[in-house]
Amino acid sequence: MEKAFEIPPDLEAEWKRLLAVDRHEAEDLYFEKILPPLLDHLEALPGHVELRDRGFHTLASLMGYSPETTILATCILRPKKLVVLASSNTLPSYDRAHAFLSARSVLPPSAIFLVPTDPTDHGEIYARLRERIGDEGDHIVDVTGGKKVMSATAAQVAWELNLPLCYVESPKYNPQIRRPDPGCEELIVLPNPSEERARLLRRRAVETFGQRRFAPAAEAFGESRRFQADNSFDNLGYALARCYTAWADLDRGALADRCRELRGRLEEPRIRRLLPARMAMSSHLKALEAVAAGEELPLLATFFELGDIYERQGRADFAVLLVYRAMEALVDYALRRATGGRFLRHDPDWSLFGDEAKLRADYVELSHRIGRRGAESLPDRVGFIGGFAVLCLTTSLAQDMPTSLSKPKLVARYKGLAELRNRSILAHGTQSLGEAEYGTLRDAARDLATGVLGDDAERLEARRATLRPRDIARFTPA
(Lines give C-alpha, C1' and ligand atoms only; values in the text may rest on other atoms or scores of the structure.)
Protein backbone atom coordinates (compact mmCIF):
# COMPACT_ATOMS: atom_id res chain seq x y z
CA MET A 1 0.00 0.00 0.00
CA GLU A 2 1.40 3.41 -1.00
CA LYS A 3 2.34 5.79 1.79
CA ALA A 4 -0.02 8.77 2.01
CA PHE A 5 1.33 12.21 1.25
CA GLU A 6 1.71 14.40 4.32
CA ILE A 7 2.52 18.09 4.59
CA PRO A 8 4.75 18.95 7.57
CA PRO A 9 2.42 20.23 10.32
CA ASP A 10 4.05 23.67 10.63
CA LEU A 11 3.96 24.20 6.87
CA GLU A 12 0.37 23.01 6.65
CA ALA A 13 -0.68 25.37 9.44
CA GLU A 14 0.99 28.35 7.76
CA TRP A 15 -0.59 27.48 4.42
CA LYS A 16 -4.07 27.21 5.88
CA ARG A 17 -3.60 30.49 7.74
CA LEU A 18 -2.66 32.23 4.50
CA LEU A 19 -5.60 30.67 2.67
CA ALA A 20 -7.89 32.43 5.12
CA VAL A 21 -6.28 35.88 4.79
CA ASP A 22 -4.35 36.10 1.50
CA ARG A 23 -4.90 33.48 -1.16
CA HIS A 24 -2.17 34.91 -3.41
CA GLU A 25 0.47 34.44 -0.72
CA ALA A 26 -1.01 31.02 0.04
CA GLU A 27 -0.63 30.08 -3.62
CA ASP A 28 3.00 31.28 -3.66
CA LEU A 29 3.74 29.16 -0.62
CA TYR A 30 1.97 26.17 -2.14
CA PHE A 31 3.94 26.32 -5.42
CA GLU A 32 7.21 26.92 -3.64
CA LYS A 33 7.11 24.41 -0.77
CA ILE A 34 4.13 22.06 -1.05
CA LEU A 35 3.75 21.28 -4.74
CA PRO A 36 7.35 20.05 -5.39
CA PRO A 37 7.25 17.19 -2.82
CA LEU A 38 3.62 16.50 -3.77
CA LEU A 39 4.70 15.98 -7.38
CA ASP A 40 7.49 13.65 -6.28
CA HIS A 41 4.85 11.60 -4.48
CA LEU A 42 2.37 11.57 -7.37
CA GLU A 43 4.98 10.79 -10.03
CA ALA A 44 6.11 7.71 -8.09
CA LEU A 45 2.63 6.13 -7.85
CA PRO A 46 2.55 2.86 -9.88
CA GLY A 47 -0.46 3.90 -11.94
CA HIS A 48 1.21 7.15 -12.90
CA VAL A 49 4.50 5.40 -13.71
CA GLU A 50 2.58 3.11 -16.05
CA LEU A 51 0.99 6.09 -17.80
CA ARG A 52 4.33 7.83 -18.13
CA ASP A 53 5.85 4.71 -19.70
CA ARG A 54 3.40 5.04 -22.59
CA GLY A 55 5.67 7.82 -23.83
CA PHE A 56 3.25 10.50 -25.01
CA HIS A 57 4.88 13.03 -27.31
CA THR A 58 2.49 15.94 -26.85
CA LEU A 59 0.18 16.95 -24.01
CA ALA A 60 -2.50 19.47 -24.94
CA SER A 61 -3.87 20.98 -21.72
CA LEU A 62 -6.71 23.40 -21.04
CA MET A 63 -5.91 26.06 -18.46
CA GLY A 64 -8.27 28.15 -16.39
CA TYR A 65 -7.44 30.43 -13.48
CA SER A 66 -5.22 27.82 -11.84
CA PRO A 67 -2.20 26.25 -13.53
CA GLU A 68 -2.07 23.37 -11.08
CA THR A 69 -3.83 20.64 -13.07
CA THR A 70 -1.71 21.38 -16.14
CA ILE A 71 1.42 21.14 -14.01
CA LEU A 72 0.25 17.89 -12.42
CA ALA A 73 -0.56 16.26 -15.77
CA THR A 74 2.72 17.41 -17.32
CA CYS A 75 4.88 16.19 -14.44
CA ILE A 76 3.13 12.82 -14.32
CA LEU A 77 3.20 12.18 -18.09
CA ARG A 78 6.51 13.92 -18.92
CA PRO A 79 5.64 14.60 -22.58
CA LYS A 80 8.19 15.98 -24.99
CA LYS A 81 5.95 18.95 -25.77
CA LEU A 82 3.22 20.86 -23.91
CA VAL A 83 0.52 22.86 -25.68
CA VAL A 84 -1.57 25.08 -23.38
CA LEU A 85 -4.89 26.56 -24.44
CA ALA A 86 -5.66 29.61 -22.31
CA SER A 87 -7.64 32.83 -22.59
CA SER A 88 -6.17 36.29 -22.18
CA ASN A 89 -7.66 36.42 -18.67
CA THR A 90 -5.66 33.38 -17.55
CA LEU A 91 -2.23 34.31 -18.88
CA PRO A 92 -0.80 34.73 -15.35
CA SER A 93 -1.60 31.04 -14.78
CA TYR A 94 0.29 30.15 -17.94
CA ASP A 95 3.27 32.24 -16.84
CA ARG A 96 3.40 30.46 -13.49
CA ALA A 97 3.15 27.03 -15.12
CA HIS A 98 5.84 27.92 -17.65
CA ALA A 99 8.21 29.16 -14.95
CA PHE A 100 7.55 26.21 -12.66
CA LEU A 101 8.00 23.51 -15.31
CA SER A 102 11.11 25.17 -16.72
CA ALA A 103 12.71 25.64 -13.29
CA ARG A 104 12.18 21.97 -12.42
CA SER A 105 13.51 20.89 -15.85
CA VAL A 106 10.28 19.05 -16.60
CA LEU A 107 10.36 20.64 -20.05
CA PRO A 108 12.68 23.16 -21.67
CA PRO A 109 11.05 26.56 -22.27
CA SER A 110 11.15 25.94 -26.04
CA ALA A 111 8.90 22.90 -25.65
CA ILE A 112 6.04 24.79 -23.97
CA PHE A 113 3.60 26.52 -26.30
CA LEU A 114 0.77 28.92 -25.54
CA VAL A 115 -2.32 28.89 -27.75
CA PRO A 116 -4.40 31.96 -26.85
CA THR A 117 -8.08 31.37 -27.47
CA ASP A 118 -11.52 32.70 -26.70
CA PRO A 119 -12.88 30.25 -24.10
CA THR A 120 -16.45 30.70 -25.38
CA ASP A 121 -15.75 30.28 -29.12
CA HIS A 122 -15.85 26.56 -29.78
CA GLY A 123 -15.00 27.04 -33.46
CA GLU A 124 -11.79 28.87 -32.63
CA ILE A 125 -10.89 26.35 -29.93
CA TYR A 126 -11.47 23.51 -32.37
CA ALA A 127 -9.39 25.03 -35.17
CA ARG A 128 -6.45 26.04 -32.98
CA LEU A 129 -6.25 22.75 -31.14
CA ARG A 130 -6.35 20.72 -34.35
CA GLU A 131 -3.70 22.93 -35.91
CA ARG A 132 -1.37 22.55 -32.93
CA ILE A 133 -1.82 18.81 -32.40
CA GLY A 134 -1.74 17.66 -36.01
CA ASP A 135 -3.18 14.44 -37.36
CA GLU A 136 -0.57 11.93 -36.25
CA GLY A 137 1.51 11.19 -33.17
CA ASP A 138 1.33 9.89 -29.62
CA HIS A 139 -0.67 12.77 -28.19
CA ILE A 140 -3.02 13.12 -25.23
CA VAL A 141 -5.51 15.85 -24.31
CA ASP A 142 -6.02 17.07 -20.72
CA VAL A 143 -9.53 18.51 -20.30
CA THR A 144 -9.38 19.30 -16.57
CA GLY A 145 -8.99 23.10 -16.74
CA GLY A 146 -10.82 25.77 -18.70
CA LYS A 147 -14.49 26.38 -19.26
CA LYS A 148 -16.95 23.63 -20.13
CA VAL A 149 -17.11 24.64 -23.79
CA MET A 150 -13.31 24.29 -23.95
CA SER A 151 -13.44 20.81 -22.45
CA ALA A 152 -16.26 19.69 -24.73
CA THR A 153 -14.52 20.99 -27.85
CA ALA A 154 -11.15 19.52 -26.86
CA ALA A 155 -12.82 16.16 -26.29
CA GLN A 156 -14.35 16.33 -29.77
CA VAL A 157 -10.95 17.00 -31.33
CA ALA A 158 -9.39 14.14 -29.38
CA TRP A 159 -12.08 11.65 -30.45
CA GLU A 160 -11.76 12.68 -34.09
CA LEU A 161 -8.00 12.24 -34.00
CA ASN A 162 -8.23 8.94 -32.13
CA LEU A 163 -6.44 10.41 -29.09
CA PRO A 164 -6.97 9.55 -25.42
CA LEU A 165 -8.30 12.10 -22.94
CA CYS A 166 -7.06 12.61 -19.42
CA TYR A 167 -8.21 14.60 -16.43
CA VAL A 168 -7.06 15.15 -12.85
CA GLU A 169 -9.42 13.51 -10.38
CA SER A 170 -9.36 14.81 -6.78
CA PRO A 171 -11.95 12.85 -4.81
CA LYS A 172 -11.25 14.30 -1.34
CA TYR A 173 -12.56 17.85 -1.41
CA ASN A 174 -11.84 19.85 1.74
CA PRO A 175 -14.50 22.55 2.26
CA GLN A 176 -12.35 24.25 4.90
CA ILE A 177 -9.68 25.21 2.39
CA ARG A 178 -12.07 25.14 -0.58
CA ARG A 179 -9.92 22.77 -2.58
CA PRO A 180 -8.98 19.06 -2.62
CA ASP A 181 -6.58 17.77 -0.02
CA PRO A 182 -3.08 17.55 -1.55
CA GLY A 183 -2.01 13.98 -2.25
CA CYS A 184 -5.35 12.54 -3.36
CA GLU A 185 -4.93 13.62 -6.99
CA GLU A 186 -5.02 10.96 -9.67
CA LEU A 187 -4.55 11.34 -13.41
CA ILE A 188 -7.29 9.39 -15.16
CA VAL A 189 -6.94 8.45 -18.82
CA LEU A 190 -10.05 7.76 -20.85
CA PRO A 191 -9.41 5.60 -23.91
CA ASN A 192 -11.00 6.86 -27.08
CA PRO A 193 -14.33 5.16 -27.82
CA SER A 194 -12.87 4.30 -31.20
CA GLU A 195 -10.50 1.96 -29.35
CA GLU A 196 -13.49 -0.34 -28.92
CA ARG A 197 -13.91 -0.21 -32.66
CA ALA A 198 -10.25 -1.11 -32.98
CA ARG A 199 -10.74 -4.12 -30.70
CA LEU A 200 -13.76 -5.27 -32.72
CA LEU A 201 -11.88 -4.89 -36.01
CA ARG A 202 -8.95 -6.90 -34.68
CA ARG A 203 -11.25 -9.59 -33.30
CA ARG A 204 -13.02 -9.89 -36.66
CA ALA A 205 -9.68 -10.16 -38.45
CA VAL A 206 -8.42 -12.87 -36.07
CA GLU A 207 -11.66 -14.84 -36.38
CA THR A 208 -11.61 -14.63 -40.18
CA PHE A 209 -7.97 -15.70 -40.20
CA GLY A 210 -8.79 -18.64 -37.91
CA GLN A 211 -11.46 -19.77 -40.38
CA ARG A 212 -8.68 -19.96 -43.02
CA ARG A 213 -10.45 -17.32 -45.13
CA PHE A 214 -7.18 -15.61 -45.89
CA ALA A 215 -8.18 -13.04 -48.53
CA PRO A 216 -10.91 -11.44 -46.38
CA ALA A 217 -8.61 -11.79 -43.35
CA ALA A 218 -5.98 -9.69 -45.15
CA GLU A 219 -8.61 -7.02 -45.82
CA ALA A 220 -9.74 -7.14 -42.19
CA PHE A 221 -6.20 -6.79 -40.84
CA GLY A 222 -5.55 -3.98 -43.33
CA GLU A 223 -8.47 -2.08 -41.83
CA SER A 224 -7.70 -3.03 -38.24
CA ARG A 225 -4.12 -1.79 -38.33
CA ARG A 226 -5.33 1.74 -39.17
CA PHE A 227 -7.04 2.01 -35.79
CA GLN A 228 -4.50 0.45 -33.41
CA ALA A 229 -2.18 2.44 -31.16
CA ASP A 230 0.31 -0.41 -31.60
CA ASN A 231 -0.40 -2.20 -34.86
CA SER A 232 2.53 -4.63 -34.79
CA PHE A 233 0.20 -7.63 -34.43
CA ASP A 234 -2.09 -6.38 -37.19
CA ASN A 235 0.82 -5.78 -39.56
CA LEU A 236 1.97 -9.34 -38.95
CA GLY A 237 -1.56 -10.69 -39.47
CA TYR A 238 -1.84 -8.71 -42.69
CA ALA A 239 1.47 -10.02 -44.03
CA LEU A 240 0.65 -13.61 -43.07
CA ALA A 241 -2.86 -13.47 -44.53
CA ARG A 242 -1.54 -12.10 -47.84
CA CYS A 243 1.11 -14.80 -47.90
CA TYR A 244 -1.46 -17.54 -47.21
CA THR A 245 -3.83 -16.10 -49.82
CA ALA A 246 -1.17 -16.55 -52.51
CA TRP A 247 -0.33 -20.01 -51.11
CA ALA A 248 -4.00 -21.10 -51.13
CA ASP A 249 -4.37 -19.77 -54.68
CA LEU A 250 -1.24 -21.75 -55.70
CA ASP A 251 0.02 -18.50 -57.20
CA ARG A 252 3.76 -19.14 -56.90
CA GLY A 253 4.83 -15.78 -58.29
CA ALA A 254 2.67 -13.86 -55.83
CA LEU A 255 3.73 -16.21 -53.06
CA ALA A 256 7.39 -15.38 -53.66
CA ASP A 257 6.59 -11.66 -53.40
CA ARG A 258 4.49 -12.14 -50.26
CA CYS A 259 7.20 -14.23 -48.64
CA ARG A 260 9.66 -11.38 -49.15
CA GLU A 261 7.19 -8.99 -47.54
CA LEU A 262 6.66 -11.37 -44.63
CA ARG A 263 10.40 -11.85 -44.14
CA GLY A 264 10.76 -8.07 -43.90
CA ARG A 265 8.05 -7.90 -41.24
CA LEU A 266 9.60 -10.71 -39.23
CA GLU A 267 12.86 -8.79 -39.06
CA GLU A 268 11.19 -5.85 -37.29
CA PRO A 269 12.24 -5.84 -33.59
CA ARG A 270 8.75 -5.12 -32.29
CA ILE A 271 7.33 -8.10 -34.22
CA ARG A 272 10.14 -10.38 -33.07
CA ARG A 273 9.25 -9.42 -29.50
CA LEU A 274 5.60 -10.11 -30.21
CA LEU A 275 6.05 -13.72 -31.38
CA PRO A 276 6.20 -16.54 -28.84
CA ALA A 277 9.55 -18.34 -28.74
CA ARG A 278 7.82 -21.62 -29.61
CA MET A 279 6.47 -20.29 -32.91
CA ALA A 280 9.06 -21.43 -35.45
CA MET A 281 8.47 -18.78 -38.10
CA SER A 282 11.85 -19.25 -39.78
CA SER A 283 11.19 -22.85 -40.83
CA HIS A 284 7.61 -21.98 -41.72
CA LEU A 285 8.69 -19.17 -44.01
CA LYS A 286 11.35 -21.37 -45.64
CA ALA A 287 8.68 -23.99 -46.35
CA LEU A 288 6.45 -21.39 -48.02
CA GLU A 289 9.41 -20.15 -50.06
CA ALA A 290 10.05 -23.74 -51.17
CA VAL A 291 6.48 -23.92 -52.48
CA ALA A 292 7.06 -20.65 -54.35
CA ALA A 293 10.20 -22.19 -55.85
CA GLY A 294 8.19 -25.20 -57.08
CA GLU A 295 9.94 -27.87 -55.01
CA GLU A 296 8.11 -31.19 -55.29
CA LEU A 297 7.69 -32.25 -51.67
CA PRO A 298 6.46 -28.83 -50.46
CA LEU A 299 3.99 -28.69 -53.36
CA LEU A 300 2.72 -32.17 -52.51
CA ALA A 301 2.32 -31.15 -48.88
CA THR A 302 0.44 -28.05 -50.04
CA PHE A 303 -2.06 -30.07 -52.07
CA PHE A 304 -2.82 -32.29 -49.09
CA GLU A 305 -3.00 -29.43 -46.60
CA LEU A 306 -5.18 -27.23 -48.76
CA GLY A 307 -7.50 -30.15 -49.42
CA ASP A 308 -8.19 -30.50 -45.71
CA ILE A 309 -8.60 -26.72 -45.32
CA TYR A 310 -11.17 -26.50 -48.12
CA GLU A 311 -13.04 -29.56 -46.82
CA ARG A 312 -13.35 -27.98 -43.34
CA GLN A 313 -14.77 -24.87 -45.00
CA GLY A 314 -17.51 -26.95 -46.62
CA ARG A 315 -15.93 -26.70 -50.09
CA ALA A 316 -15.55 -30.43 -50.73
CA ASP A 317 -15.53 -30.06 -54.53
CA PHE A 318 -12.40 -27.93 -54.36
CA ALA A 319 -10.90 -30.30 -51.80
CA VAL A 320 -11.47 -33.24 -54.17
CA LEU A 321 -9.63 -31.47 -56.97
CA LEU A 322 -6.69 -30.70 -54.69
CA VAL A 323 -6.28 -34.22 -53.37
CA TYR A 324 -6.64 -35.63 -56.88
CA ARG A 325 -3.94 -33.18 -57.96
CA ALA A 326 -1.78 -34.61 -55.18
CA MET A 327 -2.24 -38.11 -56.64
CA GLU A 328 -1.27 -36.86 -60.10
CA ALA A 329 1.83 -35.22 -58.64
CA LEU A 330 2.77 -38.44 -56.85
CA VAL A 331 2.54 -40.39 -60.11
CA ASP A 332 4.64 -37.74 -61.89
CA TYR A 333 7.22 -37.93 -59.12
CA ALA A 334 7.39 -41.74 -59.26
CA LEU A 335 7.70 -41.78 -63.06
CA ARG A 336 10.60 -39.34 -62.99
CA ARG A 337 12.30 -41.17 -60.15
CA ALA A 338 12.03 -44.47 -62.03
CA THR A 339 13.74 -42.93 -65.09
CA GLY A 340 16.38 -40.80 -63.46
CA GLY A 341 14.31 -37.65 -63.90
CA ARG A 342 14.10 -37.98 -67.71
CA PHE A 343 10.46 -39.00 -68.21
CA LEU A 344 8.04 -36.44 -69.66
CA ARG A 345 4.32 -37.18 -69.50
CA HIS A 346 3.52 -35.03 -72.52
CA ASP A 347 6.26 -36.69 -74.62
CA PRO A 348 6.92 -40.14 -73.13
CA ASP A 349 10.01 -42.17 -74.04
CA TRP A 350 8.98 -45.70 -73.10
CA SER A 351 12.42 -47.12 -73.73
CA LEU A 352 13.45 -45.49 -70.44
CA PHE A 353 11.63 -48.37 -68.69
CA GLY A 354 13.58 -51.15 -70.47
CA ASP A 355 11.95 -53.57 -72.92
CA GLU A 356 9.41 -51.32 -74.63
CA ALA A 357 7.69 -54.16 -76.53
CA LYS A 358 7.10 -56.15 -73.35
CA LEU A 359 5.86 -53.04 -71.53
CA ARG A 360 3.45 -52.35 -74.42
CA ALA A 361 2.04 -55.87 -74.31
CA ASP A 362 1.69 -55.86 -70.51
CA TYR A 363 0.05 -52.43 -70.58
CA VAL A 364 -2.53 -53.44 -73.21
CA GLU A 365 -3.36 -56.64 -71.33
CA LEU A 366 -3.78 -54.78 -68.01
CA SER A 367 -5.91 -52.12 -69.68
CA HIS A 368 -8.26 -54.75 -71.09
CA ARG A 369 -8.56 -56.49 -67.72
CA ILE A 370 -9.75 -53.27 -66.07
CA GLY A 371 -12.22 -52.42 -68.83
CA ARG A 372 -10.17 -50.05 -70.98
CA ARG A 373 -10.86 -51.91 -74.22
CA GLY A 374 -9.69 -49.12 -76.50
CA ALA A 375 -6.11 -49.25 -75.25
CA GLU A 376 -4.05 -51.03 -77.93
CA SER A 377 -0.71 -49.37 -77.27
CA LEU A 378 1.16 -47.25 -74.81
CA PRO A 379 -0.29 -43.72 -74.64
CA ASP A 380 1.23 -40.76 -76.49
CA ARG A 381 0.37 -38.48 -73.57
CA VAL A 382 0.30 -39.97 -70.09
CA GLY A 383 -2.65 -39.30 -67.79
CA PHE A 384 -3.03 -40.27 -64.17
CA ILE A 385 -4.31 -43.83 -64.70
CA GLY A 386 -1.94 -44.53 -67.58
CA GLY A 387 1.02 -43.42 -65.48
CA PHE A 388 -0.21 -45.36 -62.45
CA ALA A 389 -0.59 -48.53 -64.53
CA VAL A 390 2.94 -48.19 -65.94
CA LEU A 391 4.32 -47.78 -62.41
CA CYS A 392 2.54 -50.92 -61.25
CA LEU A 393 4.02 -52.81 -64.21
CA THR A 394 7.59 -51.51 -63.97
CA THR A 395 8.21 -50.76 -60.28
CA SER A 396 7.41 -52.24 -56.88
CA LEU A 397 4.58 -49.73 -56.31
CA ALA A 398 1.84 -52.37 -56.04
CA GLN A 399 3.83 -54.24 -53.36
CA ASP A 400 4.72 -51.03 -51.54
CA MET A 401 1.10 -49.85 -51.20
CA PRO A 402 -0.57 -50.51 -47.82
CA THR A 403 -3.48 -52.24 -49.60
CA SER A 404 -3.11 -55.99 -50.42
CA LEU A 405 -4.51 -55.90 -53.94
CA SER A 406 -3.35 -57.47 -57.17
CA LYS A 407 -2.09 -55.14 -59.85
CA PRO A 408 -5.31 -55.30 -61.91
CA LYS A 409 -7.50 -54.69 -58.84
CA LEU A 410 -5.26 -51.88 -57.62
CA VAL A 411 -5.29 -50.12 -60.97
CA ALA A 412 -9.05 -50.68 -61.24
CA ARG A 413 -9.49 -49.11 -57.82
CA TYR A 414 -7.65 -45.94 -58.81
CA LYS A 415 -9.42 -45.88 -62.18
CA GLY A 416 -12.68 -45.81 -60.22
CA LEU A 417 -11.34 -42.94 -58.09
CA ALA A 418 -10.46 -40.98 -61.23
CA GLU A 419 -14.01 -41.54 -62.51
CA LEU A 420 -15.36 -40.38 -59.15
CA ARG A 421 -13.39 -37.16 -59.43
CA ASN A 422 -14.57 -36.69 -63.02
CA ARG A 423 -18.20 -36.63 -61.81
CA SER A 424 -17.52 -33.28 -60.17
CA ILE A 425 -19.05 -30.27 -61.86
CA LEU A 426 -15.63 -28.65 -61.44
CA ALA A 427 -14.02 -31.44 -63.51
CA HIS A 428 -16.00 -33.15 -66.31
CA GLY A 429 -19.32 -33.95 -64.69
CA THR A 430 -22.49 -32.42 -63.28
CA GLN A 431 -22.39 -33.42 -59.60
CA SER A 432 -21.33 -31.57 -56.48
CA LEU A 433 -19.10 -33.92 -54.54
CA GLY A 434 -19.21 -33.88 -50.75
CA GLU A 435 -17.34 -34.92 -47.63
CA ALA A 436 -17.76 -38.66 -48.27
CA GLU A 437 -16.23 -38.49 -51.73
CA TYR A 438 -13.42 -36.31 -50.45
CA GLY A 439 -12.70 -38.74 -47.63
CA THR A 440 -12.49 -41.63 -50.10
CA LEU A 441 -10.05 -39.81 -52.38
CA ARG A 442 -8.00 -38.46 -49.47
CA ASP A 443 -7.48 -41.94 -48.02
CA ALA A 444 -6.48 -43.28 -51.42
CA ALA A 445 -4.06 -40.40 -51.88
CA ARG A 446 -2.44 -41.15 -48.53
CA ASP A 447 -2.05 -44.79 -49.51
CA LEU A 448 -0.46 -43.71 -52.78
CA ALA A 449 1.91 -41.38 -50.91
CA THR A 450 2.99 -44.29 -48.72
CA GLY A 451 3.57 -46.49 -51.76
CA VAL A 452 5.46 -43.87 -53.74
CA LEU A 453 7.45 -42.18 -51.00
CA GLY A 454 8.06 -45.04 -48.59
CA ASP A 455 9.94 -43.68 -45.59
CA ASP A 456 9.74 -40.19 -47.10
CA ALA A 457 5.98 -40.24 -46.43
CA GLU A 458 6.85 -39.17 -42.89
CA ARG A 459 8.80 -36.25 -44.33
CA LEU A 460 5.70 -35.28 -46.28
CA GLU A 461 3.64 -35.16 -43.08
CA ALA A 462 6.38 -33.18 -41.35
CA ARG A 463 6.40 -30.73 -44.24
CA ARG A 464 2.63 -30.38 -43.98
CA ALA A 465 3.00 -29.46 -40.32
CA THR A 466 5.69 -26.90 -41.17
CA LEU A 467 3.55 -25.37 -43.92
CA ARG A 468 0.34 -25.34 -41.88
CA PRO A 469 -0.86 -21.74 -41.29
CA ARG A 470 0.17 -20.39 -37.90
CA ASP A 471 -2.43 -19.94 -35.18
CA ILE A 472 -2.03 -16.25 -34.38
CA ALA A 473 -5.09 -16.17 -32.11
CA ARG A 474 -2.89 -17.59 -29.32
CA PHE A 475 -0.87 -14.42 -29.01
CA THR A 476 -3.48 -11.78 -29.85
CA PRO A 477 -2.79 -8.71 -27.69
CA ALA A 478 -5.36 -8.05 -24.96
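In this predicted model, the aromatic rings make a good starting point: 18 aromatic pairs are counted. One of them joins Phe31 and Phe100 in an edge-to-face arrangement, with 6.0 Å from centre to centre and 80 degrees between the planes. This pair links distant parts of the chain, since Phe31 belongs to helix 2 (residues 23-43) and Phe100 to helix 5 (residues 91-103), 69 residues apart. Phe31 and Phe100 are both buried.

A second pair brings Phe388 together with Tyr414. Their ring centres are 4.7 Å apart and their planes stand at 35 degrees, so this pair is tilted. Phe388 sits in helix 17 (residues 384-394) and Tyr414 in helix 19 (residues 407-422), so the pair ties together parts that are 26 residues apart in sequence. Phe388 counts as buried because its relative accessibility is 0%, below the 20% cut-off. Tyr414 is also buried, with a relative accessible area of 0%.

Here are the two pairs side by side.

| Pair | Centre to centre | Angle between planes | Arrangement |
|---|---|---|---|
| Phe31 and Phe100 | 6.0 Å | 80 degrees | edge-to-face |
| Phe388 and Tyr414 | 4.7 Å | 35 degrees | tilted |

Elsewhere, ring pairs connect several residues into a cluster: Phe209, Phe214, Phe221, Phe233, Tyr244, Trp247 and Phe475.

Rings also meet charges. Phe31 appears again here, with the charged end of Arg96 over its ring, 4.7 Å from the ring centre. Likewise, Arg315 places its charged end over the ring of Phe318, 4.7 Å from the centre.

**The sheet and the helices on it**

Next comes an open sheet of six strands, arranged in the order 3-2-1-4-5-8 with mixed pairing. Which strands stand at the edges? They are strand 3 (112-116) and strand 8 (186-190); each has a single partner strand, so one side of each is left without a neighbour in the sheet. From one strand to the next, the twist averages 25 degrees.

Strand 8 pairs with strand 5 (residues 165-169) in the antiparallel sense, over five bridges. If you would like a spot to find in the view, look for Tyr167, whose bridge partner in strand 8 is Ile188.

Helix 5, the home of Phe100, packs on this sheet, where it touches strand 2 (81-86) and strand 3. The direction of helix 5 makes about 175 degrees with that of strand 3. Helix 6 (residues 122-133) lies across strand 1 (58-62), strand 2, strand 3 and strand 4 (139-142). Relative to strand 3, helix 6 runs at about 155 degrees.

**Two crossing helices**

Two packed helices are described by the angle between their axes and the distance between the axes. For helix 13 (residues 281-292) and helix 14 (residues 296-312), the axes come within 8 Å and cross at roughly 100 degrees. That angle falls between 65 and 115 degrees, so helix 13 and helix 14 are roughly perpendicular to each other. Where they meet, helix 13 contributes Ala287, Ala290 and Val291, while helix 14 contributes Pro298, Leu299 and Thr302.

**Some buried places**

How many of the residues of helix 4 (residues 68-77) are buried? Ten of its ten residues are, so to speak, under cover. Among them are Glu68, Ile71, Leu72, Cys75 and Leu77. Just after helix 4 comes Arg78, which has a positive phi, near 50 degrees.

Thr153 is part of helix 7 (residues 148-160). Is Thr153 buried or exposed? With 6% relative accessibility, Thr153 counts as buried. Apart from neighbours within four places in sequence, Thr153 is in contact with His122, Ile125 and Tyr126. The C-alpha atoms of Thr153 and Asp121 are separated by 9.5 Å, with these positions 32 residues apart along the chain.

Ile34 takes us back to helix 2, the helix that also holds Phe31. Ile34 is buried, with a relative accessible area of 1%. Setting aside neighbours within four places in sequence, Ile34 is in contact with Phe5, Ile7, Leu11, Trp15 and Leu29. Ile34 and Glu12 are 22 residues apart in sequence, and their C-alpha atoms are 8.6 Å apart in space.

Technical notes:
Residues are numbered from 1 along each chain as its sequence is written. This is a predicted model: local features need pLDDT of at least 70, side-chain atom pairs count only at pLDDT 80 or more; totals for chains, interfaces and linings use all residues. Side-chain values use heavy atoms; hydrogens and water are left out. Rings of Phe, Tyr and Trp (its six-membered ring) pair if their centres lie within 6.5 Å; planes under 30 degrees apart count as stacked, over 60 as edge-to-face and the rest as tilted. Helices (H or I, at least four residues) and strands (E, at least two) are DSSP runs, numbered from the N terminus. Buried means under 20% relative accessible area, exposed over 50%, partly exposed in between (1.4 Å probe, protein chains only). A charge sits over a ring if NZ of Lys or CZ of Arg is within 6 Å of the ring centre and within 35 degrees of the ring normal. Two strands pair if DSSP finds at least two bridges between them. Axes are lines fitted to C-alpha atoms, for helices over the stretch in contact, and angles run from 0 to 180 degrees between N-to-C directions. Contact means heavy atoms within 4.5 Å. Angles under 35 degrees count as roughly parallel, over 145 as roughly antiparallel, 65 to 115 as roughly perpendicular and the rest as oblique.
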